[in-house]
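Here is a short report for a first look. Please view the sequence and the structure, then read on.

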Number of protein chains: 2
Amino acid sequence: MSARAIPYRPHNHDACVSQALTDARAICQRQNARLTAIRERVLELIWQSHKPLGAYDVLAELSSDGHNAAPPTVYRALDFLQQHGLVHRIASLNAFIGCTHAGENHTGMFLICRVCGNVLELTAPSVSTEVRKAAAEEGFRAENTTLEIAGLCPRCQAEPDHD
Amino acid sequence: MSARAIPYRPHNHDACVSQALTDARAICQRQNARLTAIRERVLELIWQSHKPLGAYDVLAELSSDGHNAAPPTVYRALDFLQQHGLVHRIASLNAFIGCTHAGENHTGMFLICRVCGNVLELTAPSVSTEVRKAAAEEGFRAENTTLEIAGLCPRCQAEPDHD
DNA sequence: CCTGCAAATGTTATAATGTTTCAAATTTTG
DNA sequence: CAAAATTTGAAACATTATAACATTTGCAGG
């Protein structure tokens, strides 16, 4: 499984989603966590988009499933998925995206294209190292890093600006 | 003026605020931007707290001034201040904080203590460099970086956990 | 001075995002 | 099976942010 530049390249996304679900089931089993029907469905919905999905987007999808859920249902599922490293919250977008490094114990770094909205998750050890170093110099104990880069993805750079 | 660990050390915060306002006036003049009464007042309110202030906190302060403002007034002022590099928005907190490097053209990195709520803004060139490098490796043109570290500040590490 | 334009602010309403609370159902465990 | 714990349902509410349009203010040119 290639870990590089996934959303920028054509690929069989259904396979990609079902792989994520399979991985998720394994991870939850290992952690004695219950990937219930709702939680799995929410994870699936999030994975079906490479663009981050807002909680209320998920809610709308559930509704069109016929599942008449209220906001707390979605937020609870999202909390669970985050807790188990299956999705990430993108703070600058108030939205969620499937974790492409689930189970790997990593600090994510997100490249967010402001044009197409696609997001690529990277693991950049050199960045994490520098972040930890900078925090340590201030005597700060870093626990959780939010690192989100907005800009232009390769494809959107290539396109004419207005046409 | 020391740029290091400011909120963690005792200091004359009034002086700190009025310096920030003086700087802001100069910066706006240079940029032909109008630091109007409201904008200046909002900046002052934000500076008076080392902890990030939510838009509605600012609104409440304005109200207790007798200035009966509505949300758009505050959000507009905050947009202006951000645009001119006078405040930063902390995405993970939905809140704003005075920029301690105004006018310096920098990429901020924020150390957010989850206990006391204080925030320290750093400029860490080595981090910026690594971030740019990692983005460039993916062909991504980085425009805007959100880098927020939650954790424990030195003072709150020192304190007993429960007491 | 005044007139007309652009920028800034006021005002009302509403949208979007997220939480609290308590009850009911389900699963797990003894 | 029964008790305990976890998960889900449901309603109300809280917080954060924006849209749309009216009004005022600052300022350049006649």
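How many residues does the contact take from chain A, and how many from chain B? It takes 32 residues from chain A and 32 residues from chain B. Keep in mind that this is a predicted model.

## Where the chains meet

Start with the side of chain A that touches chain B. The elements that give two or more residues to this side are S3, S4, H5, S5 and helix H6 (154–158) of chain A. S5(A) gives the most, with 12 residues. Sorted by class, this side of chain A has 19 nonpolar, 8 polar and 5 charged residues.

## The sheet

Both chains supply strands to one sheet. The sheet is open and is formed by 6 strands. Their order is S4(A)-S3(A)-S5(A)-S5(B)-S3(B)-S4(B), with mixed pairing. Strand S4 (119–123) of chain A and strand S4 (119–123) of chain B are the edge strands. Each of them pairs on one side only. From one strand to the next, the twist averages 20 degrees.

Now look at the two S5 strands. Strand S5 (residues 141–152) of chain A and strand S5 (residues 141–152) of chain B run antiparallel. They are joined by 11 bridges. Which residue of S5(B) is the bridge partner of A:Arg141? The partner is B:Leu152. A:Ala142 stands opposite B:Gly151 in S5(B).

## Helices on the sheet

Helix H5 (residues 125–137) of chain A lies across strands of both chains. These are S3 (108–113), S4 and S5 of chain A, together with S3 (108–113), S4 and S5 of chain B. The helix runs at about 130 degrees to S5(A).

Helix H5 (residues 125–137) of chain B packs on the sheet too. It touches S3, S4 and S5 of chain A together with S3, S4 and S5 of chain B. Its direction makes about 130 degrees with that of S5(B).

## The surface near DNA strand C

Next comes the DNA. There are 18 residues around DNA strand C. Which come nearest? They are A:Pro71, A:Pro72, B:Thr36, B:Ala70 and B:Pro72.

Several helices give two or more residues to this surface. From chain A they are helix H3 (55–64) and helix H4 (71–83). From chain B they are helix H2 (37–47) and helix H4 (71–83). H4(B) gives the most, with 4 residues. By class, the surface near DNA strand C has 10 nonpolar, 5 polar and 3 charged residues.

Methods: Residues numbered from 1 in each chain as written. Chains lettered and ligands numbered in written order. Predicted model: local features only at pLDDT ≥ 70, side-chain atom pairs only at ≥ 80, totals over all residues. Pairing = 2+ DSSP bridges. Axes fitted to C-alpha atoms, helices over the stretch in contact; angles between N-to-C directions. Contact = placed C-beta atoms within 7 Å. Near = placed C-beta within 6 Å. Nonpolar A, V, L, I, M, F, W, Y, C, P; charged D, E, K, R; others polar.
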